[in-house]
Amino acid sequence: MRCLMRAAFAAALVFGSACGTSTFQVNDGPTLEGPFVAIPKALTGSESAALSQALDRGFPSGTVNPNDAFYIAINRSELGQKWFMSAYLTQLFPRFYPGAVTLGTRVVSFKVQNGKLFVFDVDERKKTSDSANPELIVEAYPIVENQRAFSSMPGSGNYILFDPAAGLNRFNFVADAFSNPAASSRFEVELMFSQRFRRIADGVTFDQVFTGSNEAADPAADTSVERNAFRYSGSIGVALRRYKEGAGYKPVALPDQEHFFRSDAKIVPYESRLEQTAAHWNIQRGMRPIVWKISPEVQRIARDPRYAQYDVVGSISRGVENWNKVFGFKALEARLAAPGDSAGDDDTNFIHVDIDNAFGFAFADWRNNPNTGEIRGASVYFSSLWFEIADGLFEDDPAPNATPIMRKALPNVPARPKVARITWDALGGHELCALHPEDVVAAMAESQGTARAAAAQRLTKKEKVERYITHVMVHEIGHTLGLRHNFKGSLVPPSSSVMEYIEDTDAIFLDNPASYDIAAIKYLYGLSNQLPTDPFCTDEETVVDPLCATFDITPDPLGQGYGPQYATVVSQFLSGQAPNAPNRTLNNMLKFVRAGADSMTRTRAFGLVMNGFAVPLSAMNAGNATYARNADRLTNLVLSRMYLDPAPLRGEFVTDPSKADPALNTLIMAQLRGTMLNTDKVRSYPTRRTTVDVLKKLQTLEAYALLTDAKAALTTEIPTLTGNDALLAKDLLGRIDAAITPYFTR
Ligand SMILES: [Zn+2]
């Protein structure tokens with residue numbers, strides 16, 4: 001229901017900025033000069049009406065003006081030359097879209113064939129030999145003939161006029177771009193026109209305003225505003241800039257570990273292999289600093305009375321400029337954007353500060369030269385929700401000797417929204433990192449109460465909030481410099497890396513690049529030939545190495561982080577103080593049972609998991625009815641989670657514990673035996689049924705033997721039972737019979 005407001009605001013934001021001084025006005029009367037010239041396009045009355053009607057639904061009135069439409073004239077001397085073509089999705093309606101996101105960059109060249117202006121992808125990545133360098137079609141625009149206003153212009157013979165709004169427009173619709181970017185469906189553009197033509201130093205930029213239909217209904221569509229769940233309107237920013245490689249740019253070979261984002265894969269001619277390098281900027285001493293522009297909306301946060309005490313712009317700027325300490329010279333500079341700057345402009349590195357909290361993310365993306373991996377520009381999106389969270393989370397530390405207050409109550413944050421996107425076939429493009437506060441809060445939910453006093457330092461609320469904002473920015477800017485996550489940063493407390501996902505209470509101590517980041521950046525930018533020596537792992541390893549984890553703490557997460565967090569939840573549940581059994585913390589502990597590096601880690605983890613409710617329960621606890629009942633429920637939960645629950649419930653690690661670890665096996669079998677035979681007399685029938693299912697799944701002789709033992713014991717026991725007990729025992733016996741007749745499934 002709030003979608004209209006959000007979309008309307010976002011649209012006003014981008015189109016509002018189109019009135020700035022740098023916008024080339026088509027109606028000024030163009031002269032034919034330079035590589036590309038915009039020529040006013042006279043729309044017929046019916047075209048204009050159709051456009052207006054279609055666009056009225058998607059854009060606030062007055063923000064889009066079909067009368068500003070234009071053709072583009074390309075200088076014939078540019079045919080065959082190399083250009084960078086980049087695109088940004090800047091608007092999408094009715095699904096909310098948070099400002100410009102890059103759709104990618106290609107190296108292209110233009111050719112006239114069959115009455116069309118073809119745009120070919122001409123990067124060197126596909127070249128297998130000197131004679132074989134396939135050129136792929138990116139676009140094909142109709143050439144406009146007989147346009148009187150154009151052909152009467154002096155020099156028009158040197159130009160070819162084409163309609164940039166009538167290309168192939170091979171677009172796709174992605175319903176959940178941040179979580180499942182691969183799932184897309186065809187999007188048919190029905191109407192498009194070009195506006196906001198702008199000359200920049202090395203080329204031109206313009207916007208493509210479109211409306212069209214998705215071939216499938218959007219499952220997340222909000223039909224309160226746009227009743228047609230297939231229809232979308234939006235705007236794509238396009239840039240054409242002359243191809244250029246930075247002077248002195250040196251490709252950096254990928255090290256063994258994935259410290260850095262990779263360049264696009266490139267075929268090595270005459271050798272059937274692909275090559276990638278570490279993407280980075282052309283940063284060198286003596287250069288002009290790379291400018292990051294902070295969107296003017298940041299001033300609205302600064303004026304918000306809630307945030308009056310904070311240095312809003314400074315805390316964001318420091319997230320950029322604190323990286324200069326690593327370079328030892330001013331490589332990056334942050335400043336406020338001018339009114340004409342837009343996040344969709346290829347020549348601008350933009351920090352899009354969004355004052356609408358509904359979207360909530362912080363994320364970064366970039367565009368690079370597909371030939372060399374040189375990063376040519378980047379953008380960061382940053383929601384003011386981070387200010388709201390920080391303001392709600394932190395307090396002044398009290399006087400010395402008092403316990404520092406690390407955290408107030410956990411904030412309520414909106415759920416991570418699904419992000420819709422239109423993509424353009426030939427371009428591609430993806431986020432480097434998409435962090436949502438919900439991830440942070442979810443990770444902290446079960447760890448509340450174990451936050452550590454991270455340092456002896458006393459900080460004010462103001463210092464904490466500002467450092468927290470700087471931390472989020474320094475992380476995102478780190479990505480745009482080429483760094484991947486380092487989820488082992490926290491093994492060196494509070495973290496050896498800002499590229500870690502760090503609990504908020506520790507994040508305030510990481511507003512500057514840390515030892516890992518310094519070493520990684522120095523290596524990537526040729527300031528050192530030493531690779532980082534701090535522990536390192538990145539996203540892919542979070543599902544195979546339990547020490548590679550977001551939001552974990554201490555050098556021994558099992559013993560000092562997850563362990564105590566889990567033990568707190570377990571003990572409150574056992575005593576009946578809290579109704580919720582462990583879930584996320586259990587999964588975190590079980591990571592070490594499933595995939596701990598060695599047998600000692602795995603057995604230690606299993607011991608910690610079962611601590612407090614393992615068979616046999618002590619006589620004292622067994623005599624406490626609440627405790628005994630909850631111990632049984634926990635046993636049932638843990639056995640199910642280890643072996644029976646579907647993968648999504650298990651968290652990141654989904655494999656069953658290894659049967660090839662004899663020490664672990666002995667511990668687990670002892671628990672299964674005690675539960676199956678109910679040796680401490682507190683194990684319920686549901687838990688024992690779970691045990692049967694686990695033993696069946698194990699498919700080992702040992703498990704089979706245990707089931708036959710249990711059958712014998714039950715057969716003896718049943719004649720002594722009465723009522724419900726007798727019924728449930730017989731049912732259990734039936735389950736065992738079914739499991740062992742036969743036992744082995746193959
Ligand atoms: Zn990140």
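Two strands pair if DSSP finds at least two bridges between them, and strands here are DSSP runs of E of at least two residues, while helices are runs of H or I of at least four residues, both numbered from the N terminus. The model is predicted, so that local features need pLDDT of at least 70 and side-chain atom pairs count only at pLDDT 80 or more, whereas totals for chains, interfaces and linings use all residues. Residues are numbered from 1 along each chain as its sequence is written, and side-chain values use heavy atoms, with hydrogens and water left out.

**View A. The open sheet β1-β2-β7.** Three strands in this order form an open sheet with antiparallel pairing. Because β1 (36–40) and β7 (159–162) stand at the edges with a single partner strand each, one side of each is left without a neighbour in the sheet. Five bridges join β1 to the antiparallel strand β2 (residues 70–75), and P40 has F70 in β2 as its bridge partner.

**View B. The surroundings of F187 in strand β9 (residues 184–200)**. F187 has a relative accessible area of 2% and is therefore buried (under 20% relative accessible area, with a 1.4 Å probe and protein chains only). Not counting residues up to four places away in sequence, F187 touches ten residues, among them N169, F171, Y232 and I422, where contact means heavy atoms within 4.5 Å. N214 is also touched by F187, and the C-alpha atoms of these two residues, 27 residues apart along the chain, are separated by 4.4 Å.

**View C. T554 in the loop between α11 (515–524) and α12 (557–574)**. T554 counts as buried at 5% relative accessibility, and its side chain reaches the backbone nitrogen of D556 at 3.1 Å.

How values were computed. Buried < 20%, exposed > 50% of the residue type's maximum accessible area, 1.4 Å probe, protein only. Polar contact = N/O pair within 3.5 Å; in protein donor to acceptor, adjacent residues only side chain to side chain.
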